[in-house]
Structure formats: C-alpha cells, structure tokens
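I have a new model open and want to get my bearings before going back to the bench. These are my notes, in the order I looked things up.

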Amino acid sequence: MWLKRHLQRRGLSPRGAAAVELGLTMPVMMTLGMSTVEYGAFFYHHTLVGNAVSEAGRHAMWSTTPGSDGDTRVRAKLLDYGMDCTVISCTITSACTNDATIDYLTLDVTVEFAPFTQLVPVPSDLHGHYVVP
C-alpha cells in the first residue's frame with residue numbers, strides 16, 4: 001500500500017506494486033511462521049520427555065525392587081509417547097540410592113531432537129531429570 005501511494009505521488013504507474021510488497025514481506029513472514037512451528041515442536045517434545053521420565057520414575061519405585069527397572073520403564077514410556085529409542089538416540093541413566101530407610105531413584109534422560117529446519121537455533125538434545133523418594 002505504501003509503495004502504491006508513493007508511486008502515484010510521483011506520477012508513476014503503480015502496476016506491480018503489490019507483487020513487490022509481497023516479495024519484500026514474504027521471507028520475513030515465512031521465517032516467523034517456521035520459527036513458531038519449530039519452537040512449538042521443541043517445547044512439545046520437551047514436555048513429552050519430562051512426562052515420560054516422571055511417569056517411569058513413579059512406576060519403577062512401586063515395582064518389587066525399587067529402581068531396578070528404571071531404564072526399561074523410561075524406554076517403555078518414551079515409546080508410549082511416540083519416541084522410539086531404537087530409532088532416535090536416547091541416553092538413560094538411573095541410580096538407586098538408600099538414605100537411611102528411604103530409597104531414592106534418580107532418572108536422567110537425554111533424547112536427541114532433530115529440528116525441521118535450520119532457521120532458528122534450538123537445542124539438539126532434550127533433557128529430563130526426575131528424583132523419586
């Protein structure tokens with residue numbers, strides 16, 4: 001709109017002004033749109049990893065031997081959420097400690113995140129940490 005008015009004031013033909021304005025604004029709008037999608041996907045997967053780790057920790061603590069199958073439970077929960085550790089890189093560390101009469105299970109999970117585009121910088125790993133007393 002601005003370019004059309006500017007051209008009319010100078011006595012020039014405004015033909016093609018809309019195409020020029022579209023060409024100038026479209027890359028910026030596409031970058032903003034793709035950035036929104038990229039960050040949305042990152043936060044969605046980050047939430048999935050956090051939920052899987054916390055659920056797996058709760059289930060593992062209530063098993064017959066607390067903390068013995070934390071890795072297996074985390075892998076199962078990640079698979080329930082659509083993240084197959086045989087396809088993507090997953091690093092799962094579990095440790096069971098005993099403080100007096102209380103067992104603590106600590107789960108640390110790192111899952112590889114592959115962004116859709118390289119337009120915006122997002123971390124390449126998703127981390128989940130959960131301590132169950």
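Burial first. I counted how much of the protein is tucked away: of its 133 residues, 28% come out as buried. Note to self: this is a predicted model, and I should keep that in mind throughout.

Next, the surface. The protein exposes about 8700 Å², and carbon and sulfur atoms supply 62% of that area.

Then the layout. I find 3 helices and 3 strands. Reading from the N terminus, the order is α-α-α-β-β-β. I also looked at contacts between residues at least 6 apart in sequence, and 49% of these join residues at least 24 apart.

Aromatics. How many aromatic pairs are there? I get 3 aromatic pairs. One of them is Phe42 with Phe43, an edge-to-face pair with 5.4 Å centre to centre and 65 degrees between the planes. I checked how covered each partner is. Phe42 has a relative accessible area of 10%, so I put it down as buried, the cut-off being under 20%. Phe43 sits at 48%, so it counts as partly exposed, because exposed would need over 50%.

Phe42 again, with another partner. Why is the pair of Phe42 and Phe113 called edge-to-face? The ring planes stand at 75 degrees, and edge-to-face needs over 60, so the label fits. The ring centres of Phe42 and Phe113 are 5.5 Å apart. I then looked up where the two rings come from. Phe42 belongs to helix α2 (residues 17–61), while Phe113 is in the loop between β2 (102–112) and β3 (125–132). The two are 71 residues apart, so I noted this pair as a link between distant parts of the chain. Both Phe42 and Phe113 are buried.

Putting the rings together, I see that ring pairs join Tyr39, Phe42, Phe43 and Phe113 into a cluster.

Back to the outside. Which residues make the nonpolar surface patch? I listed Leu22, Met26, Val28, Met29, Met30 and Leu32, with a patch area of about 600 Å². I picked Met26 for a closer look. Met26 lies in helix α2, the helix that also holds Phe42. With a relative accessible area of 37%, Met26 is partly exposed. Why can Met26 be in a patch when it is partly exposed? Patch residues need over 30% relative accessible area, and Met26 has 37%, so Met26 clears that cut-off.

Key. Residues numbered from 1 in each chain as written. Predicted model: local features only at pLDDT ≥ 70, side-chain atom pairs only at ≥ 80, totals over all residues. Heavy atoms only, no water. Helix = DSSP H or I, 4+ residues; strand = E, 2+ residues; numbered from the N terminus. Buried < 20%, exposed > 50% of the residue type's maximum accessible area, 1.4 Å probe, protein only. Contact = heavy atoms within 4.5 Å. Areas by Shrake-Rupley, 256 points an atom, 1.4 Å probe, with all protein chains shown as cover. Phe/Tyr/Trp six-rings, centres within 6.5 Å; stacked < 30°, edge-to-face > 60°. Patch = residues over 30% accessible without salt bridge, like charges linked within 9 Å, V, L, I, M, F, W, Y side chains within 5 Å. Salt bridge = Lys/Arg side-chain N within 4 Å of Asp/Glu carboxyl O.
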